[in-house]
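User: Could you teach me how to read aromatic pairs and buried residues in a structure that is new to me?

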Amino acid sequence: MAELDVTYRCDCRCQMCQRWQDPRKEEMTLEEYGRLAEEFQHMGVHLVSIAGGEPLMREDIFPIIKGFSRYGMAVNLCTNGLLLEKYAEQMTTSGASCITVSVDGAVARTHDKIRGAPGSYERIERGILSVLSFPASNRPMLRVRMTISGQNLGEVGPFYRRWHHVADDVLLQPVHRCPDAFYAGQDRNLFQLDPQLLTQQLTGTPFQKRNGYMHKFLLSLRQCGTFPEHRCYAGCSWCVWIPGERLPLPGAAYLYRIGKKRKFSKGMEFRGFQ
Ligand code: SF4
């Protein structure tokens with residue numbers, strides 16, 4: 001699997017994210033993504049997750065998606081949903097297999113505050129419903145994802161009930177806490193997650209499963225008394241090197257941070273450090 005941040009431009013101002021403030025404006029071109037797709041095919045990549053910033057702010061986002069799907073890769077597009085209504089029809093023929101839309105509250109007031117974008121909840125809702133108005137067989141799967149933080153913890157249950165019969169999938173994801181990542185929030189309140197309240201909120205949802213990732217997250221919260229610290233894997237990939245071959249594999253023993261793609265040769269030379 002590969003994750004690509006195709007831009008840092010964004011029309012949201014989320015509290016838990018600094019990407020929209022990132023001064024780096026340089027973006028890879030469509031041609032470069034085309035070459036990357038070819039390399040990914042040689043590498044055996046089967047899933048590409050495209051995020052940002054807001055990927056739909058790129059004028060060439062649909063050719064980029066097509067560039068990967070034409071090689072048989074499943075493409076997941078992560079979006080804040082603000083442009084979804086505008087592009088709903090185009091999404092149906094884009095070649096994407098999944099759209100993941102971030103919605104960070106069960107009510108507009110909470111979502112709009114966290115996202116720093118007044119009026120965004122209603123726009124996103126319209127965008128989601130526009131995509132879902134196409135028959136499921138003629139469009140990408142639509143997933144709604146909530147980033148759980150101290151600011152929306154009490155709305156996890158209502159959020160799930162709002163969307164689980166509407167969207168194709170509902171995903172809950174605790175806010176990142178990675179000291180080495182610029183994608184993590186700086187506000188301490190975001191990380192105040194009361195395990196008891198979260199347990200209550202998850203009751204009656206599939207996320208209370210004992211072997212699920214949310215259960216493990218809760219265990220960690222209860223046992224450590226703090227938000228678990230994880231290193232950030234953004235921009236990283238697991239690779240295993242064996243004689244004569246280099247295979248990008250999840251869970252391999254060595255972690256390599258991938259440098260600028262432009263510096264890669266077709267021979268897939270990863271410049272590892274750690
Ligand atoms: S979390 Fe996503 S939508 Fe929000 S500012 Fe960051 S890149 Fe934009």
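Analyst: What follows is a short walk through aromatic pairs and the nonpolar core. This is a predicted model, in which local features need pLDDT of at least 70 and side-chain atom pairs count only at pLDDT 80 or more, while totals for chains, interfaces and linings use all residues. Residues are numbered from 1 along each chain as its sequence is written, and side-chain values use heavy atoms, with hydrogens and water left out.

User: How many aromatic pairs does a search of the whole structure find?

Analyst: A pair of aromatic rings is described by the distance of the centres and the angle of the planes. Rings of Phe, Tyr and Trp (its six-membered ring) pair if their centres lie within 6.5 Å, and planes under 30 degrees apart count as stacked, over 60 as edge-to-face and the rest as tilted. The search finds four such pairs. In one of them, phenylalanine 40 and phenylalanine 68 have ring centres 5.8 Å apart and planes at 35 degrees, so the pair is tilted.

User: Are phenylalanine 40 and phenylalanine 68 buried or exposed?

Analyst: Buried means under 20% relative accessible area, exposed over 50%, and partly exposed in between (1.4 Å probe, protein chains only). Phenylalanine 40 and phenylalanine 68 are both buried. Another pair, phenylalanine 62 with tyrosine 87, is edge-to-face, at 5.5 Å centre to centre and 65 degrees between the planes, and both of these residues are buried as well.

User: Which residues form one aromatic cluster?

Analyst: Tyr33, Phe40 and Phe68 form that cluster.
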